[in-house]
Amino acid sequence: MGTFPTMSTLASNSSAAPLSTGSSAASRMNVSRRVSEMKPSVTVAFMNRAKTMKSQGLDVLGFAAGEPDFDTPRIIKDAAIEALNAGMVKYMPTLGDPETRKVLAEKLVRENGIPTTADHIAISAGGKHSLYVACQCLFDFPAPGEPPQEAILPVPAWVSYAPIIEIAGGKVIELQTTAASDFKITPEQLKKAITPRTRGFFINSPSNPCGTMYSPSELKALAQVIAEAARTTAPNLVVVSDELYEKIVYGGIEHFSIGSVPEIAERTLTINGLSKAYAMTGWRIGYAAGSGVFGKKLIDAMGVLQGQMTTNITSFTYPAIRAAILKTADEVEKMRRAFADRAAAVHARLTRVPGFKCPKPTGAFYAFPDVSAHFGKTSPGGNGTPGRKINSAMDFCEALLAEQYVAFVPGEDFGGCGKNCVRISFACSIDQINKGIDRVETFVAGLK
Ligand code: PLP
C-alpha cells in the first residue's frame with residue numbers, strides 16, 4: 001500500500017544503519033489486513049505527484065490540493081505565539097480547554113442555531129480526526145451471523161468517508177446523484193435507503209468534491225425524513241453533518257446546519273474545523289458538536305477514545321482557535337470573496353471547454369466537471385510523453401499531468417457518477433486558473 005512504509009522505505013528514510021531487506025523472515029511479515037485493504041487517498045496521491053514534479057523544476061500547475069492558498073491570518077498566529085511564549089506547553093483536558101469549548105459552543109448556537117453547550121464539544125486534530133473518532137463511537141462490528149450496521153452516503157463524496165466508516169465496522173450504502181441535479185439526493189431517495197440497520201447518514205454541504213450545496217429547505221426536507229424514520233424504522237439513526245466549508249459560500253445559497261432542526265438536533269453530530277475557513281490546514285484543528293442527552297453521551301465516548309489516542313491537541317493553539325472564531329470576520333470575508341471570484345472565473349472558462357459539463361460551484365473551492373464525452377479518444381502527447389487512450393477520469397488526469405503538467409484529481413474514488421468527472425481545486429490565483437484552462441483547451445483540442 002502506497003501510504004504504508006515498507007521495510008525498504010523505512011530503511012531508506014532512516015539515518016541509522018540500514019535495516020535488513022529481502023529474504024529475512026521479518027521482511028515477509030504483513031501489516032494488519034484491515035489497514036492493508038484500506039485505499040490510500042487519491043487526492044493526496046495526485047497532490048504529491050504534482051509537488052514532486054514541481055520540485056524537479058517542471059512547470060506544473062497544481063489544482064489537486066484541497067487547501068486554501070492563503071496564509072493563516074496574523075491575529076491567529078500571534079495568539080499561538082503568545083501562548084507558546086507564555087509557557088502554555090503542558091497537557092490539557094482531552095476534549096479541549098473549557099474556555100475554548102465554550103467559545104465554539106457559543107459560535108454554534110449564535111451562527112448555526114444548534115442547541116449545544118461547551119460540554120457537547122470535542123476538539124480534535126482536524127475534522128478528519130473528529131469523523132474517525134465519531135465513527136469508532138457510532139458503529140459496532142457485527143456479531144457472527146448479524147448484518148453490519150449501515151451508513152448512508154450520498155455520492156460523489158469526499159474520499160475519506162468510506163474508509164473511515166468501513167474501518168469502524170460500518171457498511172457504506174451509496175446514494176447516487178447526478179451532475180444535472182447538482183449532485184444532490186432527494187428526500188425520497190433517503191427514505192427508501194433507510195432500514196432498521198441504518199446507523200448513520202452522512203451529509204456534506206457545501207460539498208467536496210462537488211462544489212455544490214443544499215438549500216435550507218432541501219436540508220429541512222431531509223431532516224423530516226430522518227425524524228420520521230427515527231420514530232419508526234431506524235431508532236438508532238445518527239446524522240453526521242460535515243460543515244468544514246460552511247464559510248466558503250458564494251452562490252446565493254445560505255449555509256444551513258441540519259443539526260438546528262429541533263426534531264433531529266439530539267441525533268445530529270456536527271463536524272467542523274479551522275482548516276478551510278481560516279487557512280489553517282497544517283495546524284490540524286477540528287471539532288465535533290452534539291446536543292442533548294445522546295449528544296453528551298457521544299461526545300463523552302469520543303473523549304474516552306481521544307484520551308487513549310491523542311490526548312489534547314497542541315496546547316498553545318487553544319487561544320488561536322478563540323482568536324479565529326472571534327476576531328477574524330474581515331479576513332474570512334476577504335478569502336470568501338476571493339473564492340467567489342475564482343469560482344466565477346473557473347466556471348466561465350470550463351463551460352467553454354468542448355465536452356465539459358460543469359454544474360456551477362456554489363460553495364467550497366472545487367469545480368467537478370463531467371469529462372466523459374472524451375472517453376474513448378486518444379490524447380495528443382506532449383512534454384516528451386506519447387499520447388494514450390483515455391477510457392476513464394484516471395486516464396484523463398494521468399495524460400493531462402504528463403502531457404500538459406496540469407494536476408487535477410480523477411473522480412473515480414469519490415464514488416457514483418464521480419467516475420465521469422475530474423476535481424479541480426481553485427484554491428489558487430485567477431492567473432493560474434487561466435493558464436491551467438488554456439493548457440486543458442490545448443489538450444482537449446488534440447484529443448482524437
Ligand atoms: N471534510 C471534508 C469534506 C474535507 O474536504 C476535509 C478535508 O479535505 C475534511 C473533512 C477534513 O479536514 P481537516 O481534517 O483538515 O479538518
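This passage walks through the ligand site, the pockets and cavities, and a few backbone oddities of a predicted model.

The ligand is a handy place to start. Around the ligand sit 13 residues, and those that come nearest are Gly127, Asn208, Asp242, Ser275 and Arg284. Sorted by class, this shell has four nonpolar, five polar and four charged residues. Several polar contacts can be picked out. Gly127 takes part through its backbone, with a polar atom there 2.6 Å from an oxygen atom of the ligand. Ser275 uses its side chain instead, where a polar atom lies 2.6 Å from a ligand oxygen. Tyr245 also joins in, with an N or O atom of its side chain 2.8 Å from an oxygen atom of the ligand. On its own the ligand has 400 Å² of accessible area, and the protein covers 92% of that. As for where the ligand sits, the space it takes is the second largest pocket.

One of those ligand neighbours, Arg284, deserves a second look. Besides being among the residues that come nearest to the ligand, Arg284 has a positive phi of about 60° even though it is not a glycine. Along the chain, Arg284 falls in the loop that runs between β7 (268-273) and β8 (286-289).

Next comes the largest pocket, whose volume is about 760 Å³. Its lining is made up of 32 residues, with Met38, Lys39, Val159, Pro163 and Ile164 lying nearest the centre. Two or more lining residues apiece come from α2 (33-36), α6 (127-138), β3 (150-155), α7 (161-167) and β4 (171-176). Of the elements, α7 gives the most, with five residues. By class, the lining of the largest pocket splits into 19 nonpolar, five polar and eight charged residues.

Then there are the enclosed spaces. The structure holds four cavities of 30 Å³ or more, and the largest cavity contains about 150 Å³ of space. The largest cavity is lined by 18 residues, and closest to its centre are Pro154, Pro156, Asn204, Ser207 and Tyr214. Both β3 and β5 (198-204) supply at least two residues of this lining, with β5 providing the largest share at three residues. The class breakdown for the largest cavity is twelve nonpolar, four polar and two charged.

The second largest cavity has about 50 Å³ of space. Its walls are formed by Lys107, Leu244, Glu246, Lys247, Asn272, Gly273, Ala277, Tyr278, Tyr287 and Ile325. By class, that lining comes to five nonpolar, two polar and three charged residues.

Finally, the backbone has a couple of cis peptide bonds worth flagging. Val155 and Pro156 are joined by a cis bond with omega of about 5°. Pro156 is in the loop between β3 and α7, and this proline is also one of the residues closest to the centre of the largest cavity. A cis bond likewise links Ser205 to Pro206, here with omega of about -5°. Pro206 is found in the loop between β5 and α9 (216-231). The elements beside these prolines turn up in the linings as well: α7 is the top contributor to the largest pocket, while β5 gives the largest share to the largest cavity.

Definitions and conventions. Residues are numbered from 1 along each chain as its sequence is written. This is a predicted model: local features need pLDDT of at least 70, side-chain atom pairs count only at pLDDT 80 or more; totals for chains, interfaces and linings use all residues. Side-chain values use heavy atoms; hydrogens and water are left out. A residue is near a molecule or strand if one of its heavy atoms lies within 4 Å of it. A polar contact is a pair of N or O atoms within 3.5 Å; within protein, one must be able to donate a hydrogen and the other to accept it, and residues adjacent in sequence count only if both atoms are side-chain atoms. Accessible areas come from the Shrake-Rupley method with a 1.4 Å probe; for residues, only the protein chains shown count as cover. On a 1 Å grid over the protein atoms alone, a cavity is a set of points where a 1.4 Å probe fits but cannot get out, and a pocket is an open set with protein on both sides within 12 Å along at least five of seven lines; lining residues have an atom within 4 Å of a point. A molecule sits in a cavity or pocket if more than half of its atoms lie within 2 Å of its grid points. Ala, Val, Leu, Ile, Met, Phe, Trp, Tyr, Cys and Pro count as nonpolar, Asp, Glu, Lys and Arg as charged, and the others, Gly among them, as polar. Grid points are joined across faces, edges and corners, and a volume is the space filled by probe spheres set on the points. Helices (H or I, at least four residues) and strands (E, at least two) are DSSP runs, numbered from the N terminus.
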